[in-house]
Amino acid sequence: MEKYINIIGGGLAGSEAAYQIAKKGIRVKLYEMKPKKYSPAHSNKNLAEIVCSNSFKSNLLTNACGLLKEELRNLDSLLIKIADEVKVPAGQALAVDREEFSKRVTEELEKNELIEIINCEIGKDISIKQLVKETITIIATGPLTSESLAKEIQELTGEDKFYFYDAAAPIVSKESIDFGIAFYGDRYNQEKKKDEEIEQWKQRLENQEENSYINLPFNQEEYEKFWQELVNAEVVTLHEFEKREIFEGCMPIEIMAKRGIDTLRFGPLKPVGFDDPRTAKRPYAVVQLRQDDKQASLYNLVGFQTNLKYGEQKRIFSMIPGLENAEFIKYGVMHKNTFINSPELLEETYQLKKNKNIYFAGQLTGVEGYVESISSGMVAALNAIEQIRKTNKKIIFSENTVIGALAKYISTKNTKFQPMNANFGILPELEGKKIKDKKERYMKLANRSLQEFNA
């Protein structure tokens, strides 16, 4: 019997996976519910539909997403190739004609004799369990997976929760924080210190011994200016189906602020338990940053889930003392999303630990962004190929590459896992003396990655 691999979902990850598998001479059955059924965010009958921005972000190698695209070009990515061919003027960014992009991807897959596109809804028309019993299956159904399929995935993974309301706070790079203002410490640890202990305490902070949180203190004037801008900021308009999902435990910071000028000071910005090392007095309010990666290079703003527009986040959150020159690795979001608990469930190959016949790909795994989704589809496909050929070989990319770093991020245990874009903060640091110039350091990281590909 001729071997084949199933792919569920014809988005960016699923389409890339289908192409890579067929390129190796292996048949593919690609299941896509459009045009029979559309998610609330989709309207185009073609595969690889782009539903938000038409930008694939920067092409520069000093940008992690630009480096990721170059890595994918080295691996003969179909979708990046087509994106390059249908690009529209966008400065240093790669932006595409979204209609032409989806059309071209669909044409490429439809004309391939090894790819069979089947339009049906998995979970209703056919069971995912049935597909998995037949052969290796890649699940790439995206962040708006249908309820019927989501229920089956939940059963396969054994997870109690599957749907999430994505309420991620902004993430900044540690190196961009002003430590002339910021200080380390846990709440209450520095309460009631004696005057003679203050200097010793400051020294410990400088040595980063009390490093659970980074704290950013407001005085009253700074806080009131910040609050005024926050309550009057522009927000993103949510879909109706997303508006129904907002609940008290996930309240956007700007909505909380509108309940009163002191609401935040009695909530996520309460100063109780802190002294400002500059004054040895309790600040008026405090923003806390929590470590977000193993290398302690990324920190998220605790309690700052937000629906502000990205430009507004940059403008207003840069008013927080210590973040005046902050580099925002990721902005906050508030929208309906679906992703699995990948660190508990997946290998670096995107293979399900509990069932070796199943791979996941796309935003369902916790990679966030167009190019990142394509990357996950690439890795899942390359490993599915090795498995069906019974080579006992696993394709694991070096963590010095963005492809490898993303795969490691989603498969490494994390107490507060949330979707992640490509960024240099998830790559290991360069050996030797630290390079202060950011562009020079990023270029060296890019060169290290590409040298590994060439080798």
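Let me start with strand β10, which pairs with strand β11, residues 213-218, in the antiparallel sense over 2 bridges, and within that pairing the bridge partner of Y184 is I214 in β11. I should say at once that this is a predicted model.

Those two strands belong to an open sheet of 6 strands, in the order β10-β11-β12-β13-β9-β14, with antiparallel pairing. At its edges stand β10, residues 183-184, and β14, residues 328-330, and because each has a single partner strand, one side of each is left without a neighbour in the sheet. Helix α8, residues 220-231, packs on this sheet, where it touches β11 and β12, and its direction makes about 95° with that of β11.

Now let us turn to strand β5, residues 93-96. Which way do its side chains point? A93 and A95 point one way while L94 and V96 point the other way, and all of them are buried. Strand β3, residues 55-58, is joined to β5 by 2 bridges and runs antiparallel to it, with S55 standing opposite A95. Strand β4, residues 87-88, is likewise joined to β5 by 2 bridges in an antiparallel arrangement, and here V88 stands opposite A95. In the hairpin of β4 and β5, which has 4 residues between the strands, G91 takes a positive phi near 65°.

That brings me to the interior. The largest nonpolar core has 94 residues, and those with the most contacts inside it are F56 and F101; helix α13, residues 370-388, supplies the largest share of this core, 11 residues. If we leave aside its neighbours within four places in sequence, F56 is in contact with residues including L94, A95 and V96 of the chain, and also F101, Y370 and I374. There is a second, separate core of 34 residues, which includes L230, Y299, F304 and L308.

Finally, the charged pairs, of which the count comes to 20 salt bridges. One of these is formed by K23 with D76, the closest N and O atoms being 3.0 Å apart, and this pair links distant parts of the chain, since K23 lies in helix α1 and D76 in the loop between α2 and α3, 53 residues apart. K23 is partly exposed, at 37% relative accessible area, and D76 also counts as partly exposed, at 31%.

What separates R315 and E312, whose side chains meet in a salt bridge at 3.0 Å, N to O? Being 3 residues apart in helix α11, they are separated by about one helical turn. R315 counts as partly exposed at 38% relative accessibility, whereas E312 counts as buried at 11%.

Definitions and conventions:
Residues numbered from 1 in each chain as written. Predicted model: local features only at pLDDT ≥ 70, side-chain atom pairs only at ≥ 80, totals over all residues. Heavy atoms only, no water. Pairing = 2+ DSSP bridges. Contact = heavy atoms within 4.5 Å. Axes fitted to C-alpha atoms, helices over the stretch in contact; angles between N-to-C directions. Buried < 20%, exposed > 50% of the residue type's maximum accessible area, 1.4 Å probe, protein only. Core = buried A, V, L, I, M, F, W, Y, C linked by side-chain atoms within 4.5 Å. Salt bridge = Lys/Arg side-chain N within 4 Å of Asp/Glu carboxyl O.
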